[in-house]
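Please open the model in your viewer and keep the sequence panel beside it, so that you can select each residue by its number as the tour reaches it.

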Amino acid sequence: MEKLKIAGGYPLKGTIKVSGAKNSAVALIPATILADSPVTIEGLPEISDVQTLKALLEEIGGEVSFGDGEMRVDPSRMISMPLPSGKVKKLRASYYLMGAMLGRFKKAAIGLPGGCHLGPRPIDQHIKGFEALGAEVTNEQGAIYLRAEELRGARIYLDVVSVGATINIMLAAVRAKGQTIIENAAKEPEIIDVATLLTNMGARIKGAGTDVIRIDGVDNLSGCRHTIIPDRIEAGTFMILGAAAGDGVLIDNVIPLHMESLIAKMREMGVPIETSDEQIFIGKAENLNAVDIKTLVYPGFPTDLQQPFTSLLTRAKGSAVVTDTIYSARFKHIDELRRMNANIKVEGRSAIVNGPVQLQGAKVKASDLRAGAALVVAGLMAEGITEVTGLEHIDRGYSSLVEKLEGLGATIWREKMSPEELEQLKSS
Ligand code: EPU
């Protein structure tokens, strides 16, 4: 097992390229199950979640090749194999196998998903959708079993705006009989990306990206080629670290429209930002002012950027209130930031950040993916050396992070952990 080491305080300068969107990738890959002939997706990020899903498709009989970001999936010989445990537990998005396998085979058995621990993360809205389409859903010993004689289109109102439920219902409905209408649907760009792939496969979907999605079921879907959208959370992480420790950072392969809430907040803080078609330039940020943020569903401020943004706020003058309305317990990075000298307290669903402070290098642990990103941002700002453990979380979502940051002049490297350190980590 490895840890990350960062020597902070060196200004970052240059161009950094964003990879394909993790939260699209983890839905696009299961969506290939719905086709009867090979599907190729290009621009996929080289992250462990993608490798795990590749292995899961192979487990159910898919022929999959993956290299240089391009994945070719031949789903023609797939079977509805039960996946009650094992790799499905490694990532949250394994729940998309439910919708895709139900859509193609009318049955599926999938272990309850894993992923980051951010407080309660129920999937009741996914299940409500599957049931409305005619599936019988049971929960047996930690796995969800889904069966349907046939799937019939239905009108489904989501009680909670959910990215996962919106996509999962879309996956199950594209091959159902008749029309499905999803009301109060989520509007994230990843939903449009999945709808684009499905449409290229022959599905009939209208309204993806709005809060009402209409799907007219078709009998069969066929293979196609699809290019994934850039990762707006990775792009946002780079924008934040550009403001935190940069001296002119150009972010390449980004859709600025996806970044509007972050751009607005960063400008409010005093960060110089210029945007063009596919790039965002973050100028050297001198005196930053504290700003409050509240996470909301898209196009509001993304919960996935709340943690790295909190690190940036430690540099800002004044008191900032960070409120997460999506996940109640997404504050595990705060204790670690405090070890680095941050002045932050948590009150209920909010964190109050007082600044500016000079962060100091320390030994810290990433408890989830974006907490890891927050600690990397903090490490780049800090005086001295920061050691980050829990790298397996960061590797789930950031492709070649060390190499990309080295390209900006960061002093960052991976190091093998000693047996004593591993022992310590286990008991912490
Ligand atoms: N919710 C329910 N019931 C459901 C589904 C969701 O109550 O059936 C609640 C959740 O507990 C949460 C809220 O609704 O409070 C939103 O959850 P959503 O379903 O939108 O989240 P998700 O689909 O499980 C995706 C991303 C997350 C991201 C959220 C919010 C993937 C694989 N994950 O999760 O990404 O935080 O949307 O935008 O797409 C990350 O990338 O670090 C990450 C955690």
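## Starting at N23

Select N23 and, leaving aside its neighbours within four places in sequence, you will find that N23 is in contact with E190 and D304. Before going further, please keep in mind that this is a predicted model. N23 is found in helix 1, and N23 counts as partly exposed because its relative accessible area is 25%, while buried would require under 20% and exposed over 50%.

Now add K22 to the selection, which also lies in helix 1, the helix formed by residues 22-31. Is K22 buried or exposed? K22 counts as buried, because its relative accessibility is 8% and the cut-off for buried is under 20%. If you again set aside the neighbours within four places in sequence, K22 is in contact with P45, I47, D49, D231, L369, R370, R396 and G397.

There is also a record to consult for these two residues: an unreviewed UniProt entry lists K22 and N23 under "binding site". Of these residues, K22 and N23 are both included in the lining of the largest cavity.

## Around the ligand

Next, select the ligand and display what surrounds it. How many residues surround the ligand? There are 25 of them, and the closest are Q125, S162, D304, I326 and R370. Two of these names have already appeared on the tour, since D304 is in contact with N23 and R370 is in contact with K22.

Show the oxygen atoms of the ligand and select Y95, where an N or O atom in the side chain is 2.9 Å from an oxygen atom of the ligand. Then turn to V163, where a polar backbone atom is 2.8 Å from a ligand oxygen atom, and to G164, where a polar backbone atom is likewise 2.8 Å from an oxygen atom of the ligand.

## Following the salt bridges

The last part of the tour follows pairs of charged side chains, and the count for this model comes to 24 salt bridges. Begin with K3 and E387, which form a salt bridge whose closest N and O atoms are 3.3 Å apart. K3 lies in strand 1 (residues 2-7) and E387 in strand 22 (residues 385-389), so this pair ties together parts that are 384 residues apart in sequence. When you look at their surroundings, note that both K3 and E387 are buried.

Move on to R175 and D36, a salt bridge in which the closest N and O atoms are 3.6 Å apart. R175 sits in the loop between helix 5 (163-173) and strand 10 (179-183), while D36 sits in the loop between helix 1 and strand 3 (39-42), and the pair links parts of the chain 139 residues apart. R175 counts as buried because its relative accessibility is 14%, whereas D36, at 33%, counts as partly exposed.

Finally, select D49 and R396, both of which are among the contacts of K22, and whose side chains meet in a salt bridge of 2.9 Å, N to O. D49 lies in helix 2 (residues 48-59) and R396 in helix 12 (residues 391-397), so the pair ties together parts that are 347 residues apart in sequence. Both D49 and R396 are buried. As a last selection, show K3, K5, E387, E415 and E421 together, since salt bridges that share partners join these residues into one network.

Notes. Residues are numbered from 1 along each chain as its sequence is written. This is a predicted model: local features need pLDDT of at least 70, side-chain atom pairs count only at pLDDT 80 or more; totals for chains, interfaces and linings use all residues. Side-chain values use heavy atoms; hydrogens and water are left out. UniProt positions are given in the numbering used here, feature names are shortened, and annotations may be inferred rather than shown by experiment. On a 1 Å grid over the protein atoms alone, a cavity is a set of points where a 1.4 Å probe fits but cannot get out, and a pocket is an open set with protein on both sides within 12 Å along at least five of seven lines; lining residues have an atom within 4 Å of a point. Helices (H or I, at least four residues) and strands (E, at least two) are DSSP runs, numbered from the N terminus. Buried means under 20% relative accessible area, exposed over 50%, partly exposed in between (1.4 Å probe, protein chains only). Contact means heavy atoms within 4.5 Å. A salt bridge is a side-chain nitrogen of Lys or Arg within 4 Å of a carboxyl oxygen of Asp or Glu. A residue is near a molecule or strand if one of its heavy atoms lies within 4 Å of it. A polar contact is a pair of N or O atoms within 3.5 Å; within protein, one must be able to donate a hydrogen and the other to accept it, and residues adjacent in sequence count only if both atoms are side-chain atoms.
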